Amino acid sequence: MPIEVKELIVRAWVDSQNSENRSEAKQVAKSGSETSEYDASVLEQLKKMLTDKKDR
C-alpha cells in the first residue's frame, strides 16, 4: 500500500477520534456547569461568610 494511502487512513482515524472526544468534552462541560440545589446553597453560604469577614 502506498504511503499516501496509509497517511490518509491514519488522518481519517485521528479525525474520527477527535470528533468523539469533542462530543464527550461538551457533555462533561455541560454536566459540570450544572449545580445541585445543595451545592448552590453551600456556595451562597460561603459567599456570605467571605463578605462578612471583609466587612469587619
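The following exercises, with worked solutions, concern the predicted model shown above.

Residues are numbered from 1 along each chain as its sequence is written. In this predicted model, local features need pLDDT of at least 70 and side-chain atom pairs count only at pLDDT 80 or more, while totals for chains, interfaces and linings use all residues; side-chain values use heavy atoms, with hydrogens and water left out.

**Exercise 1. Describe the secondary structure and the exposure of the protein chain.**

Step 1. The chain contains 2 helices and 0 strands; these are DSSP runs numbered from the N terminus (helices: H or I, at least four residues; strands: E, at least two).

Step 2. Of the 56 residues, 0% are buried. Buried denotes under 20% relative accessible area, exposed over 50%, and partly exposed the range in between (1.4 Å probe, protein chains only).

Step 3. The exposed area of the protein chain is about 5,600 Å², of which carbon and sulfur atoms supply 58%. Such areas come from the Shrake-Rupley method with a 1.4 Å probe, and for residues only the protein chains shown count as cover.

**Exercise 2. Locate the salt bridges and relate each to its helix.**

Step 1. The whole structure holds 2 salt bridges, each defined as a side-chain nitrogen of Lys or Arg within 4 Å of a carboxyl oxygen of Asp or Glu. Side chains of opposite charge can pair when their charged atoms come close.

Step 2. Arg-11 and Glu-7 form a salt bridge at 2.6 Å, N to O. Because they are 4 residues apart in helix H1 (residues 3-33), about one helical turn separates them. Glu-7 is partly exposed, at 38% relative accessible area.

Step 3. Glu-44 and Lys-47 form a salt bridge at 3.9 Å, N to O. Since they stand 3 residues apart in helix H2 (residues 37-55), about one helical turn lies between them. Glu-44 is partly exposed, with a relative accessible area of 43%.

**Exercise 3. Characterise the surroundings of Trp-13 and Thr-51.**

Step 1. Trp-13 belongs to helix H1 and is exposed, at 53% relative accessible area.

Step 2. Val-10, Trp-13 and Val-14 make a nonpolar surface patch of about 300 Å². Patches consist of residues with over 30% relative accessible area and no salt bridge; like charges are joined within 9 Å, and nonpolar side chains (Val, Leu, Ile, Met, Phe, Trp, Tyr) within 5 Å.

Step 3. Thr-51, in helix H2, is partly exposed at 40% relative accessibility. A polar atom of its side chain lies 2.9 Å from the backbone oxygen of Lys-48.

Technical notes:
Polar contact = N/O pair within 3.5 Å; in protein donor to acceptor, adjacent residues only side chain to side chain.
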